[in-house]
Amino acid sequence: MKTAYSPLHERHDPEKEFYRGLLVDCFERPRRALGILRELGRRELGEVIELDAEIPAGDSGTTESGIIEPSSTIFGSRLLPLIEHVHGREYVDFVETIFRDWARETHLAGVPRPSYALPYTFNRLGQDHDETGEVVPGTVDGRLGYFSFDTCTPITAGTWHAALGSAWCAVKGQEIVLADGAAFALCRPPGHHAHRQMCGGYCFFNNAAIAAEAFRQHEPSARIAILDVDYHHGNGTQSIFYDRDDVFVVSIHADPLTNYPYYLGHSNERGGPNAPESNANLPLPDGTDWNGYAPTLQRALDMIRERDPSHLIVSLGVDTFVGDQISNFRLTSPDFFELGALIGEREWDTLFVMEGGYHDEIGVNVVNVLEGFERGGGARG
Ligand code: OKP
Ligand code: ZN
């Protein structure tokens, strides 16, 4: 199986996130993707296609030349329209410009701000008062809160380029699936928490949703299933497709009653009025091991089979690993091989899109899934 990879992710390397009242070291770091890349080299899964953008060397925070000229790059021709289809223009502008404005505000007002932008207030008020109408605030702090839903997703000078590179991997992966029947998009930063116009959970652009949109644009009658096996519920993916019947979303995750992202991911969320069976949540208790996990995975795969999808997208998080720093499931490295094999047995054309995983064994666990998939029969493996 081929992998799509972009070194642009290294430009997103924030120092700190705000967690339980403290600034703590970030969990979502470049070493995660680099560890997967290293393991891919060791195991000879298949070619790693390194995407090489014509992007200025600077970043969106420090130099004017760092701003991408959409029309002159790969980003403008195919990627940006896809991203804007999923996310909307205002939000994409926000991701591109917010750090530059953050840095500029420091400069103008002499107010010290760190090397990463974080919100301190959130747009909950607009949700309660429909009659007020939605007005995007004009200041840096107002915009940050309007387009964010948590305090653990810092935006730095390099975030925009990294997020574009990550989405590009997903779109490249979609192209590879059309030719090969399977691909791995080594996306970083991850995507499944990103809503249409909110970042959060270390996510900026919803890479899986962008890939789904790419499949649909290539073949308007495509029926897409998204299987999210990350430890955390994919609230962004759910919300983007909640009222659409062309994309079925099923997620296996830690019960949101006791786990991030807390406010979505319950089993009674089954789709909007126009798509009443388009979403399925299969929450599992803290401490779940493979014996608890495997039957639920089979159930999810059976639900997907009922929809007879033309393409499967797997939001692949391996933070279900027993040693994961921020999670509480108990899957072992061999279990990830089984997980891949159970998916591969179904023989759907499959795009794996990287999401979470915060243990140093991330490379072994990810490649186990991909090898298991091929051994199970995926992509005629
Ligand atoms: C992103 B993905 C960490 C606090 C939780 C948010 C978790 C985002 C997970 N101690 N922070 O789904 O892996
Ligand atoms: Zn996760």
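Begin by selecting the zinc ion, ligand 2, in this predicted model, and display the protein donors around the zinc ion, which are two OD atoms of Asp 230, the ND1 atom of His 232 and an OD atom of Asp 319, lying 1.9 to 2.8 Å from the metal. Along the chain, the donor residues of the zinc ion follow the spacing D-x1-H-x86-D. With the angles switched on, the arrangement reads as irregular, because the six donor atoms around the zinc ion subtend angles of 52 to 157°.

Next, select ligand 1 and show its surroundings, where 14 residues make up the shell, and where His 192, His 193, Asp 230, Asp 319 and Tyr 358 come nearest. Colouring this shell by residue character separates seven nonpolar, five polar and two charged residues.

Keep Asp 319 selected after leaving the zinc site, where it is among the donors, since a side-chain N or O atom of Asp 319 is also 2.9 Å from an oxygen atom of ligand 1. Then move to Tyr 358, whose side chain places a polar atom 2.6 Å from an oxygen atom of ligand 1, and on to Tyr 202, where a polar side-chain atom lies 3.3 Å from a nitrogen atom of the ligand. Of the 410 Å² that ligand 1 exposes when taken alone, the protein buries 95%.

Finally, turn on a surface for the protein and look for the largest pocket, which is where ligand 1 sits.

Notes:
Residues are numbered from 1 along each chain as its sequence is written. Chains are lettered from A and ligands numbered from 1 in the order in which they are written. This is a predicted model: local features need pLDDT of at least 70, side-chain atom pairs count only at pLDDT 80 or more; totals for chains, interfaces and linings use all residues. Side-chain values use heavy atoms; hydrogens and water are left out. A residue is near a molecule or strand if one of its heavy atoms lies within 4 Å of it. A polar contact is a pair of N or O atoms within 3.5 Å; within protein, one must be able to donate a hydrogen and the other to accept it, and residues adjacent in sequence count only if both atoms are side-chain atoms. Accessible areas come from the Shrake-Rupley method with a 1.4 Å probe; for residues, only the protein chains shown count as cover. On a 1 Å grid over the protein atoms alone, a cavity is a set of points where a 1.4 Å probe fits but cannot get out, and a pocket is an open set with protein on both sides within 12 Å along at least five of seven lines; lining residues have an atom within 4 Å of a point. A molecule sits in a cavity or pocket if more than half of its atoms lie within 2 Å of its grid points. Ala, Val, Leu, Ile, Met, Phe, Trp, Tyr, Cys and Pro count as nonpolar, Asp, Glu, Lys and Arg as charged, and the others, Gly among them, as polar. Donors are N, O and S atoms within 2.8 Å of the metal (3.2 Å for Na, K and Ca); water is not among the atoms, so sites may look incomplete. Four donors count as tetrahedral if all angles lie between 85 and 135 degrees; four count as square planar and six as octahedral if opposite donors are over 155 degrees apart and all others between 65 and 115; anything else is irregular.
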